[in-house]
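Hi,

Here is the structure I said I would pass on to you. Have a look at it first, and my notes follow below.

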Amino acid sequence: MSDKKFELTDLSSGKKSLLPVHTGSIGPDVIDVAAINKDHGVFTFDPGFGVTAATESKITYIDGDAGVLLHRGYPIEQLAENSSFMEVAYLLLNGDLPKAPELQTFTDSISRHTMINESLLRFFNGFHHNAHPMAMVSAVVASMSAFYHDSMDINNPRHREIFAHRIIAKLPTIAAAAHKHSLGQPFIYPRNDLGYCANMLNMFYAVPCEDYVVSPVAAEALDLLFILHADHEQNASTSTVRLAGSTGTNPYAAISAGVAALWGPAHGGANEAVLAMLEQIGTVDNIPKYLAMAKDKSSHFRLMGFGHRVYKNFDPRAKIIRAACHKVLASLGHTDNPLFELALRLEEIALQDEYFIQRKLYPNVDFYSGVIYSALGIPRSMFTVMFAIARTVGWVAHWQEMIADPAMRIGRPRQLYTGAAKRDYVGVAQR
Ligand code: CMC
């Protein structure tokens, strides 16, 4: 805590309080409002948590005005350029970059936990073939709590570590099982001789009747997308995991809640919605019509993949993905990709538009990611599942940080009640 104080004065009574101010390692100070209820009998009101820091955290830092994203202090651009998803996962979970043997041990542990219980596999047969994969993944992740409940003591650090490795390892397997179920193809078991992303692609695309060789370009592209999606501090799904986890619930159940929160189009579901929108716009000529709709407050249409609660500047992840699109499409031989061309033009036109300039609406991480997923042959309904696989690392890192904190309390927001005041019950005949 710093020596700074904020003075709060109730102008009607003249009563004053001095509120402590906390200073982080970087970023704005935060005012500790815990005393205001005791001192003044009031609560704060901040729907959407626009200005509320719900926790202290050491994992990820964002400066939305400058377009900066740091994981454990490392800029996302440097991690994207030099690191791997497994290394970033280790970094987020443990706080520092691993030494070579530490990375090896971690990667080995993840690959040894990739299989899922055969009974879990049978769950998929209960879903219709066209069930949305996010519904299947969320349900199956929640079901994992039934398999690992008695053996999971959240107060035991080793149990927490095993949970972390298990869920990170099994998410691609669950995603692949959902994909194969929707295709009606046999499930392909994980292969521990392949890297994290290559194994996922193999489980997605291999079939038992012929050999399948994973494209290194595809595995590398996926690895980059996973790095970029791995964590993003207190976003809606991470906050959901923290809130659910703060009750002491089984962590697989908490992660399942995170998957559900991610699904919405305002959050991770935007990557699927962007592709649907680009297909709907169709050609460059139609862009002005759709931009007008996005600006029209009476229409529910929004430019998907644009805008962000925190970034009021370019989302640094979007810049990296846009550059990667050029590289990946060229490496895969997709030199003429009409959806990417359309996305580029849409970005260019929107960024010159007064509405988007005034509101500081820039492309976010979801604007270009779907172009790469599509080029890798991943179906549109699976895009948000890809996001969930990567974000599981962030969810787990935040859950671990919260549970290990001796000051953890159950998350329990307050409200401004605007319903009926106390009134007496009237029997049905008298109403
Ligand atoms: N298209 C048109 N107008 C927009 C858009 C958009 N995509 N985003 C924000 N606005 C307008 C909004 O109507 C409001 O205008 P006004 O001031 O005239 O009322 C202003 O910009 C501020 O928007 P807001 O809704 O108050 O901002 P928010 O911080 O509550 O919402 C958001 C952030 C990301 C939900 C929103 O920008 C949005 O819906 N974007 C489209 C969906 C999307 O791409 N989501 C992915 C987010 S990044 C990845 C992730 O989190 O998973």
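Let me begin with the surface. The accessible surface of the protein chain comes to about 21,800 Å², and carbon and sulfur atoms own 54% of that area. Please keep in mind as you read that this is a predicted model.

Turning from the surface to the interior, 46% of the 431 residues in the protein chain count as buried. As for charges, there are 38 positive side chains and 42 negative ones, and the centres of these two sets are 7 Å apart.

Now the overall fold. The protein chain holds 18 helices and 6 strands. Its radius of gyration is 24 Å, close to the 22 Å that the globule rule gives for 431 residues, so the chain is as compact as a globular protein of that length. If you want to set up a box, the C-alpha trace spans about 80 × 65 × 60 Å along its principal axes. Contacts in the protein chain reach across the sequence, too: taking those with a separation of 6 or more, 70% are between residues 24 or more positions apart.

Next, the strands. Three of them form an open sheet in the order β4-β5-β6, and the pairing is antiparallel. β4 and β6 are the edge strands, each pairing on one side only. Between β4 and β5, which run antiparallel, there are 4 bridges. One pair to look up in the viewer is Thr60 and His71: His71, in β5, is the bridge partner of Thr60.

Finally, there are two backbone spots that you may want to check by eye. Most residues other than glycine have a negative phi. Against that background, Phe49 has a positive phi of about 50° although it is not a glycine. Phe49 is found in the loop between α1 (36-40) and β4 (60-63). Is Phe49 buried or exposed? With a relative accessibility of 56%, Phe49 counts as exposed, because the cut-off for that class is over 50%.

The second spot is Arg72, another residue other than glycine with a positive phi, here near 50°. Arg72 lies in the loop between β5 (68-71) and β6 (74-75), and those two strands belong to the open sheet described above. The relative accessible area of Arg72 is 22%, so Arg72 is partly exposed; the buried class would need a value under 20%.

That is what I have for now. Happy reading!

Best wishes

Notes:
Residues are numbered from 1 along each chain as its sequence is written. Side-chain values use heavy atoms; hydrogens and water are left out. The radius of gyration is taken over C-alpha atoms; the globule rule is 2.2 Å times the number of residues to the power 0.38. Buried means under 20% relative accessible area, exposed over 50%, partly exposed in between (1.4 Å probe, protein chains only). Contact means heavy atoms within 4.5 Å. Accessible areas come from the Shrake-Rupley method with a 1.4 Å probe; for residues, only the protein chains shown count as cover. Lys and Arg count as positive and Asp and Glu as negative; His and the chain ends are not counted. The place of a charge is taken as NZ of Lys, CZ of Arg, CG of Asp or CD of Glu. Two strands pair if DSSP finds at least two bridges between them.
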